[in-house]
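Biologist: Hello! I would like a close look at a single part of this model: the empty space closed off inside the protein. Please walk me through what lines it, in plain terms.

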Amino acid sequence: MKKRILVAALMLMLLALSVPTSAFAEGFGVYEWSAAGTAMGDNYMFGENDPSVLAYNPAQITKLDGAYFSIGTSWVNPDISTRFKNGPLNNGRGDLYHSEYSPAFIPSMYYATKTGKNSWWGLAIFPRFGNNIEYDDAWSGRYDTIYSGIEGITIQPTYAFKVNKKLSVGLGLDINYINLRMRKDTPMVSEKFASFGLTNNYAGDIHSDLNGDTTELGWVASLMYDFSPKTSVAVVYRAKVEHTMDADVDFGYSLTREAQGKFGGLPEDMRNVIMAQMPATSSAHGKVTLPDSISIGVGHKFNDKTRVEFDAVWTNWKTYDALNIYFDNGPMGSQGSFQRKDWKAAWRLGFGVEHKLSDKWTAMCGYVWDQSPVPNDTMDFTVPTGDRHRGSIGFKYRPNDRSEWAFAYTAIWAGVRDVSSHISNMDFSSAHIHDGLTQVVSLGYTVKLK
């Protein structure tokens, strides 16, 4: 029976990992690490009889009295709108755009067991970072992004031990995998086109499609202190992860009708010189540092039925100061794609409540305020939200004393933001992001193996 459960779980995990994850916490962070945790607003550092605490607070596995296995997924469906006042390069285009997010799944899997009198170990597989946003190819913000996709997964082997009856320590390795895909356009604008008589010196768009991946190492450490059997406090630190990525870029080109007419009249040798500056592919290279973070949590049990938890997470998004991609062979002599970010550190504050209704049923709820790390002057469409408020509800169902199902529903409301043009108002003079709502449905299963 145990072997069948593990085989089925691994098959489900492999399937889930093929689906892009989505980020709807601050920056492009992901916190939907378990259904039970999501039901409490991701405030789950002191979850009981659940190995998914490996993601929230690794030291908490020292309270498991055997071997536990858990698997789950969250279905995420975001929705947001943008209104433009268009500039010269977008004349004739619509001013209201609705995002074309593809609903995404966020998978997770955990195993933890007691290995000695005062020692435990576990393995966690879950995403810490992700993003999945797509717009129409011809939309007014295409010079910022058309598609921004980050598929991230963390594989975390963990060892935990009790220093004494009150103090526990958890240490883990963060094997951090990131796949990055970006699609965007770049306007072909050059003073060289003035001799052709092109309006705004604009000949058309360069289309780029970048795809690359990288795996690097980080680490996590947590300390938990039990003031009493009812009250605990924990601190978790996750180290920053520096990624160096090699990628491939495919280029495409589309000329305006005006440019096609001018270009068609050029001598063949001149056309060949111009086309030589427009490669079909290139290798690309870049570096990005994913942020370190500190989580602080306080949990209190009023009695055997009701517990409450208050969590605060500080994420050092200052490490994300730029997204610079260097081309080996860029179009029209381009050296790459360079985007200043200058994000700031951000806070995430929340609380969760868990109440046992009976031996089989438990009700859960939670709330989080999520601060945006993106400053106004570098705001763009890759993470198109302001500060977020999220409310969650859910329940656990125990069909027997060894297994448990968890279900959660979450609604995330995003604050409005304004985006400024990054190419001197040629694409648009203003853009207003509004009506952001993300809905999350989570399902999880936990079983005690021994």
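**Enclosed spaces and their walls**

Modeller: Happy to! The second largest cavity has a lining of 26 residues, and Y31, W33, S293, S295 and V313 are those nearest its centre. Elements that each contribute two or more residues to this lining are α3 (53-56), β9 (231-238), β12 (293-301), β13 (306-315) and β16 (346-356). The biggest share comes from β13, which gives four residues. By residue type, the wall of this second largest cavity comprises 13 nonpolar, seven polar and six charged residues, and its volume is about 300 Å³. Please keep in mind that this is a predicted model.

How is such a space found? A probe the size of a water molecule is rolled over the atoms, and this shows where empty space is left. Over the whole structure, the search turns up six cavities of 30 Å³ or more.

The largest cavity has a volume of about 380 Å³. Its lining counts 31 residues, and nearest the centre you will find I150, L180, M182, Y320 and L323. Six strands each provide at least two lining residues here: β6 (147-162), β7 (167-189), β8 (202-226), β10 (241-255), β11 (281-290) and β14 (322-327). I150 falls within the range of β6, L180 and M182 within that of β7, and L323 within that of β14. The greatest contribution, though, is from β11, with six residues. Sorted by type, the lining of the largest cavity holds 16 nonpolar, ten polar and five charged residues.

Strand β6 deserves another moment, as it also contains Q156. Is Q156 buried or exposed? With a relative accessible area of 0%, Q156 counts as buried because the cut-off is under 20%. The side chain of Q156 has polar partners: a contact of 2.8 Å joins it to the side chain of R238, and another, of 3.0 Å, joins it to the side chain of T158. Leaving aside residues up to four places away in sequence, Q156 touches L54, P58, G122, L123, A124, F126, L173, V220 and R238. Thus R238 appears both as a polar partner and in this list of contacts. Two others in the list can be placed on strands named above: L173 falls within the range of β7 (167-189), and V220 within that of β8 (202-226).

Key:
Residues numbered from 1 in each chain as written. Predicted model: local features only at pLDDT ≥ 70, side-chain atom pairs only at ≥ 80, totals over all residues. Heavy atoms only, no water. 1 Å grid on protein atoms, 1.4 Å probe; cavity = no way out; pocket = protein on both sides within 12 Å on 5 of 7 lines; lining within 4 Å. Points joined across faces, edges and corners; volume = space filled by probe spheres on them. Nonpolar A, V, L, I, M, F, W, Y, C, P; charged D, E, K, R; others polar. Buried < 20%, exposed > 50% of the residue type's maximum accessible area, 1.4 Å probe, protein only. Polar contact = N/O pair within 3.5 Å; in protein donor to acceptor, adjacent residues only side chain to side chain. Contact = heavy atoms within 4.5 Å.
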